[in-house]
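Me: I am new to this structure and would rather understand one part of it well than skim the whole. Please choose a single part, follow it closely, and tell me what surrounds it.

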Amino acid sequence: MTIAQQKVVTIHYKVVDVDSGEVIDSSEGGQPMTYLHGAQNIIPGLEAALEGKSVGDELEVTIAPEDAYGEYSDERVQKVPMEAFQGVEKVEPGMAFTAQTEHGPINLIVTEVDEAVVTVDANHPLAGKSLQFSVKVESVRDASEEELTHGHVHGEGGHQH
Ligand code: ZN
């Protein structure tokens, strides 16, 4: 069985930041990742690279930011007044917040703290990065009707509900 739309795919993977050589994430020694192919469960570049692969296949693929977590945008960096953080005991660089906006919740990371002004960055932490994936395909199966309706995998490695 090869990887195509509506297949449930399990992979072992390692992700490396191409510029720094740093390992960002790896399933080595842990649980492999299971996802529903064609449902945008994973980044587009990786989904495209896995299309047509079979169990046992190994691949190495370098994915540009636009096919991974997007380009880094300066417009997503904003300065907000300290008053916006009422109820937070101490605002420090590196803290993550979820802000409610008219477009839904977005994740922010505090990058700089002045006395009255806090700089927050809404870019994905991996935005602007080229990523190298090393992947091994562990299993491929048909998705159930329920999984297709939900747009994600159930059972082992998936949503438990
Ligand atoms: Zn579900």
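Reply: Strand β1 is a good part to follow, for β1 is mostly covered, with nine of its 11 residues buried (buried means under 20% relative accessible area, exposed over 50%, and partly exposed in between, with a 1.4 Å probe and protein chains only). What you see is a predicted model, in which local features need a pLDDT of at least 70 and side-chain atom pairs count only at pLDDT 80 or more, while totals for chains, interfaces and linings use all residues. Residues are numbered from 1 along each chain as its sequence is written, and side-chain values use heavy atoms, with hydrogens and water left out.

To place β1 in its setting, the protein has two helices and nine strands (DSSP runs numbered from the N terminus, helices being H or I of at least four residues and strands E of at least two). Read from the N terminus, the order of these elements is β-β-β-α-β-β-β-β-β-β-α. Of the 161 residues of the protein, 31% count as buried, and the C-alpha trace spans about 60 × 35 × 30 Å along its principal axes.

Just ahead of the strand, the segment before β1 holds Gln6, whose phi is near 70°, a positive value in a residue that is not glycine. Most residues other than glycine have a negative phi. The relative accessible area of Gln6 is 47%, so Gln6 is partly exposed.

Which strands does β1 pair with? The partners include β9, β3 and β2, and in each of these pairings the two strands run antiparallel (strands pair if DSSP finds at least two bridges between them). With β9, β1 shares 11 bridges, and one of the facing positions there sets Tyr13 opposite Val135 in β9. With β3, β1 shares four bridges, and here Val9 of β1 stands opposite Tyr35 in β3.

The pairing with β2 has a turn of its own. Strand β1 covers residues 7-17 and β2 covers residues 23-26, and three bridges join them. Lys14 faces Ser26 in β2, while Val15 has Asp25 of β2 as its bridge partner. Together β1 and β2 make a hairpin with five residues between them, and in that turn Gly21 has a positive phi of about 80°. A positive phi appears again at Gln40, where it is about 55° although the residue is not a glycine; Gln40 belongs to the loop between β3 (33-36) and α1 (44-50), and its relative accessibility of 70% is why Gln40 counts as exposed.

Strand β9, which β1 meets in antiparallel fashion, is also joined to β4, again antiparallel, by six bridges. Val135, the residue opposite Tyr13 of β1, is the bridge partner of Leu59 in β4 as well. Along β4 the side chains alternate between two faces: Leu59, Val61 and Ile63 point to one face and are buried, whereas Glu58, Glu60 and Thr62 point to the other and are not buried. The loop between α1 and β4 contains Asp57, which at 28% relative accessibility counts as partly exposed. Asp57 and Lys136 are 79 residues apart in sequence, but 5.8 Å apart in space from C-alpha to C-alpha.

These strands also meet at a pocket. The largest pocket has a volume of about 180 Å³ (on a 1 Å grid over the protein atoms alone, a pocket is an open set of points where a 1.4 Å probe fits, with protein on both sides within 12 Å along at least five of seven lines, and lining residues have an atom within 4 Å of a point; points are joined across faces, edges and corners, and the volume is the space filled by probe spheres set on them). The lining of this pocket has 13 residues, and the closest to its centre are His12, Glu58, Ser134, Val135 and Lys136. Strands β1, β4 (58-63) and β9 (131-142) are the elements that give two or more residues to the lining of the largest pocket, and the largest share, four residues, comes from β9.

To gather the picture around β1, then: β1 joins β9 by 11 bridges, forms a hairpin with β2, pairs with β3 through four bridges, and contributes with β4 and β9 to the lining of the largest pocket.
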